[in-house]
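Dear colleague,

I am handing over a structure that I would like you to look through at your own pace. Please open it first, and then read the notes that follow.

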Amino acid sequence: MNTNTLDKLRKLKFFGMYHAFKSCLETGQTAEYTTDELLAHLVEAEWDDRQNRRIERTIMYAKFRYKASVENIHYHADRSIDRNQVMRLADCHFIDRNENLLITGSTGIGKSYIASAIGHQACILGYRVFYASTPKLFAKLKMAKADGSYMKEVAKLERQQLLILDDFGIQPFDAQSRAALMEIIEDRHGKTSLIITSQLPVSKWYEVIGEKTIADAILDRIVHDAHRMELKGESMRRRRPAEPEKSYLENHL
């Protein structure tokens with residue numbers, strides 16, 4: 001009978017229940033539970049399994065540059081990172097309030113890692129997140145214009161509750177990219193959140209975007225009431241050898 005039950009659980013894709021029940025049978029723990037306790041144990045195992053798989057899917061879809069976690073952020077004194085600010089952002093209430101986060105600082109200081117860490121935390125908490133290198137994203141959107149898939153790509157970005165634009169301002173925006181940026185920002189304004197990382201201070205973004213009227217409109221929507229992190233100090237790549245970073249899932253599952 002137990003073999004039959006296990007087979008049905010697997011076919012129904014109740015993998016959490018399947019593994020929990022199989023483990024109980026193999027270790028003889030079923031005798032230690034009342035009927036209610038065993039049922040609760042199996043349901044809890046199924047719940048946890050589905051939650052973990054949902055998190056894994058969300059993180060995979062987000063396409064992060066790093067396997068990052070808030071716990072692994074290095075708070076060196078000369079980097080000007082406020083631990084309390086990071087912890088407040090990591091609760092992701094700023095996403096509920098449709099607020100943005102702007103992270104600026106020199107190359108290699110850890111901007112992308114911090115953005116990815118907060119993005120990972122958002123995935124764990126159930127938000128839809130997408131990470132993109134800004135130059136690559138707008139190159140892709142140009143190709144999408146050519147092959148007719150542009151509206152589909154823009155709609156995909158609009159559905160994300162948190163969009164991370166990394167390496168913003170590495171190269172100036174041309175007319176086509178500027179129009180696409182305006183469309184993305186306009187679609188998301190007041191409805192969803194952005195995290196933007198840039199080597200340039202925000203005051204220089206006008207020059208990078210170009211076309212003053214459009215730059216004013218874009219930055220008014222991005223910068224107004226945004227959270228700011230201005231990182232300082234030398235590159236973390238020069239400070240120490242690269243270390244493998246563990247994700248939240250690797251640390252806690």
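Before any distance between domains is quoted, it helps to know that the domain bounds come from an automatic or database domain assignment. Please also keep in mind throughout that this is a predicted model.

On that basis the chain is divided into domain 1, residues 1-62, and domain 2, residues 70-236, and the centres of these two domains, taken over C-alpha atoms, are separated by 39 Å. Six residues from domain 1 and 10 residues from domain 2 take part in the contact.

How much area do domain 1 and domain 2 bury between them? The value is about 680 Å², and 62% of it lies on carbon and sulfur atoms. On the side of domain 1, the residues that lose the most area to domain 2 are Ile-59, Tyr-61 and Ala-62, which together account for 64% of what that side buries. The residues of domain 1 that touch domain 2 divide into four nonpolar, one polar and one charged. Across this interface there are zero salt bridges, although two residue pairs are in polar contact, both at pLDDT 80 or more.

In the whole structure, by contrast, the search finds 14 salt bridges. One of the pairs is formed by the side chains of Glu-26 and Lys-22, with 3.1 Å from N to O; because these residues are four apart in helix α2 (residues 15-27), they are separated by about one helical turn.

Finally, an unreviewed UniProt entry lists residues 97-230 as "domain: AAA+ ATPase". In the model, that span is 51% helix and 18% strand, and its end C-alpha atoms lie 22 Å apart.

With best wishes

Methods:
Residues are numbered from 1 along each chain as its sequence is written. This is a predicted model: local features need pLDDT of at least 70, side-chain atom pairs count only at pLDDT 80 or more; totals for chains, interfaces and linings use all residues. Side-chain values use heavy atoms; hydrogens and water are left out. UniProt positions are given in the numbering used here, feature names are shortened, and annotations may be inferred rather than shown by experiment. Helices (H or I, at least four residues) and strands (E, at least two) are DSSP runs, numbered from the N terminus. Contact means heavy atoms within 4.5 Å. Buried area is the accessible area (1.4 Å probe) that two parts lose on being put together, summed over both. A salt bridge is a side-chain nitrogen of Lys or Arg within 4 Å of a carboxyl oxygen of Asp or Glu. A polar contact is a pair of N or O atoms within 3.5 Å; within protein, one must be able to donate a hydrogen and the other to accept it, and residues adjacent in sequence count only if both atoms are side-chain atoms. Ala, Val, Leu, Ile, Met, Phe, Trp, Tyr, Cys and Pro count as nonpolar, Asp, Glu, Lys and Arg as charged, and the others, Gly among them, as polar.
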